[in-house]
Amino acid sequence: MLTLTSASSALTLFPECKTQRLRFAISAAADDKFPSFLPKQMEEIKDPFARKLATRIERLPVNVSFSEKSIMSSCVKPLIQSNQNPVVLLHGFDSSCLEWRYTFPLLEEAGLETWAIDILGWGFSNLERIKSCDVASKREHFYQLWKSYIKRPMTLVGPSLGAAVAVDFAVNHPEVVSILDNLEYDLFSIRLVE
């Protein structure tokens, strides 16, 4: 069993969290059941946090204008539904939602509704039918995923590519973003919608 202790920075970003320090324990079971769309190499991963989060990855159909059929988009959906705006985690360049394997359980433990979404062109989404993964495509895909599943203002968090996607999304769809955070710069936050 591993124990991961969070820093108190969550209190700055999410003042509704009342706990100063959180403890989260996770154990890796030998019988982890991974979704069939994940690559076989997933079985070789030893990190129990990555293994646990991988078992929760799902594909959701997302309709976009640049594809005749829905894109089966990979993400980790929240176990907790709350009245507060959800936290949406966007991974960095050349990565996937598994980048959040340590952060995701801590946010859930803090009682926050949390999503980890694979950015179009990366991660475990089915990209067979996609001709373009440019900035506009990523934006439309994320907007349609938000419109279909999240459906309310959200807090966006992301490093690197995730930060770029979050900023682009907030500029183009400010009505759906409540807070924008870039983890590369000491959990710097901008309030876009009060």
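## A walk through the chain, starting at Thr55

Leaving aside neighbours within four places in sequence, Thr55 is in contact with Asp32, Lys33, Phe34 and Pro35. That is a handy place to begin our tour of this predicted model. Thr55 sits in the loop between helix α2 (48–54) and strand β3. With a relative accessible area of 25%, Thr55 is partly exposed, because that class covers values between 20% and 50%. A polar atom of the Thr55 side chain lies 2.6 Å from the backbone oxygen of Lys52. You can also look across to Val76, which is 21 residues from Thr55 in sequence and 9.2 Å from it in space, C-alpha to C-alpha.

Now let's step back and view the whole chain. It has five helices and nine strands. Starting from the N terminus, these elements run β-α-β-α-β-β-β-α-β-α-β-α-β-β. Of the 194 residues in the chain, 46% are buried. Take the contacts with a separation of 6 or more: 59% of them join residues 24 or more positions apart.

What lies inside? The largest nonpolar core has 25 residues. Those with the most contacts inside this core are Val88, Leu90, Ile117, Phe142, Ile150, Met154 and Leu156. Several elements give two or more residues to it: the strands β3 (57–62), β4 (71–76), β5 (87–90), β6 (114–117) and β7 (154–157), together with the helices α4 (135–150) and α5 (161–172). Which element gives the most to this core? It is α5, with five residues.

Leu90 is a good residue to click on here. Not counting residues up to four places away in sequence, Leu90 touches Trp100, Ile117, Ile119, Phe142, Leu156, Val157, Gly158, Pro159, Gly162, Val165 and Ala166. Apart from the largest core lies another one, of 18 residues, and Phe34, Leu38, Ile57 and Val157 are among them.

Next, find the two helices that we met in the largest core. How do α4 and α5 pack? Their axes are 10 Å apart and form an angle of about 70°. That makes α4 roughly perpendicular to α5, because angles of 65 to 115 degrees count that way. On the α4 side, the residues that meet α5 are Val135, Lys138, Arg139, Phe142 and Tyr143. Their partners in α5 are Val165, Asp168, Phe169 and Asn172. Sorted by class, this contact has five nonpolar, one polar and three charged residues.

While you are looking at α4, find His141, which is also in this helix. His141 has a relative accessible area of 2%, so it is buried. Leaving aside neighbours within four places in sequence, His141 is in contact with Val62, Val64, Ile71, Ser73, Asp118 and Leu120.

Our last stop is Ser74, in strand β4. Is Ser74 buried or exposed? Its relative accessibility is 0%, so Ser74 counts as buried. The Ser74 side chain makes a polar contact with the side chain of Asp118, at 2.4 Å. The side chain of Ser74 also reaches the backbone nitrogen of Phe124, at 3.2 Å. Setting aside neighbours within four places in sequence, the residues in contact with Ser74 are Ile57, Glu58, Arg59, Ile117, Asp118, Gly123, Phe124 and Ser125. Asp118 links our last two stops, since Asp118 is in contact with His141 and with Ser74.

Key
Residues numbered from 1 in each chain as written. Predicted model: local features only at pLDDT ≥ 70, side-chain atom pairs only at ≥ 80, totals over all residues. Heavy atoms only, no water. Core = buried A, V, L, I, M, F, W, Y, C linked by side-chain atoms within 4.5 Å. Buried < 20%, exposed > 50% of the residue type's maximum accessible area, 1.4 Å probe, protein only. Helix = DSSP H or I, 4+ residues; strand = E, 2+ residues; numbered from the N terminus. Contact = heavy atoms within 4.5 Å. Axes fitted to C-alpha atoms, helices over the stretch in contact; angles between N-to-C directions. Parallel < 35°, antiparallel > 145°, perpendicular 65-115°, else oblique. Nonpolar A, V, L, I, M, F, W, Y, C, P; charged D, E, K, R; others polar. Polar contact = N/O pair within 3.5 Å; in protein donor to acceptor, adjacent residues only side chain to side chain.
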